[in-house]
Amino acid sequence: MQSLFKKPLFVFCLAVIFIAIPLFIFPINFFDGEIIMKNGLSETKMEAPLSLSYFIGFGYNSQDMEGIKDFYLLPKGYLLAFCLIFGFPALLTYRIYLAQKKKAL
């Protein structure tokens, strides 16, 4: 089992899972997004921090969604989500790879 944690691909997959699960389950409003609110016949756009859990239906009540037509992440929010979910584990994996390479020399 000890050698399993030294395999970079395993560490990458495990880190992605451990980072993604809290971001998709808990309502952590951290990612830049936009909310489209419908007021009668008019619609207004409002920038607000959003949580990834909103996109799978966790973290809000049905009363919270009254008057909201749609919500989505902005490019900056997508970039931050990508960097947190895949970028940090990639850096961790690369560090493990380099340590193994140095140890082999």
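**Aromatic pairs and a nonpolar patch**

Okay, let's start with one residue: F71 is buried, at a relative accessible area of 16%. Buried here means under 20%, exposed over 50%, and partly exposed in between, using a 1.4 Å probe and protein chains only.

This is a predicted model, so to speak in its own terms, local features need pLDDT of at least 70, side-chain atom pairs count only at pLDDT 80 or more, and totals for chains, interfaces and linings use all residues. Residues are numbered from 1 along each chain as its sequence is written, and side-chain values use heavy atoms, with hydrogens and water left out.

Now the overall picture. The protein has two helices and three strands, running α-β-β-β-α from the N terminus; these are DSSP runs, H or I of at least four residues for helices and E of at least two for strands, numbered from the N terminus. Along its principal axes, the C-alpha trace spans about 70 × 25 × 15 Å. Of the 105 residues, 23% are buried.

On to the strands. β1 and β2 pair antiparallel over nine bridges (strands pair if DSSP finds at least two bridges between them). Together β1 and β2 make a hairpin with two residues in between, and G40 in that turn has a positive phi of about 70°. Also, E34 sits opposite E47 in β2.

What about the rings? The whole structure has five aromatic pairs. F30 and F31 have ring centres 5.7 Å apart and planes at 85°, so that pair is edge-to-face. The rule covers Phe, Tyr and Trp (its six-membered ring): centres within 6.5 Å, with planes under 30 degrees apart stacked, over 60 edge-to-face and the rest tilted. F30 is partly exposed at 45% relative accessibility, whereas F31 is buried at 0%.

Then there's F55 with F71, a tilted pair at 5.2 Å centre to centre and 50° between the planes. This pair links distant parts of the chain: F55 is in the loop between β2 (42-50) and β3 (68-73), and F71 is in strand β3, 16 residues apart. F55 is partly exposed, at 38%. Add Y54, and Y54, F55 and F71 form one aromatic cluster.

Which part does F26 sit in? F26 is in the loop between α1 (8-25) and β1 (31-39).
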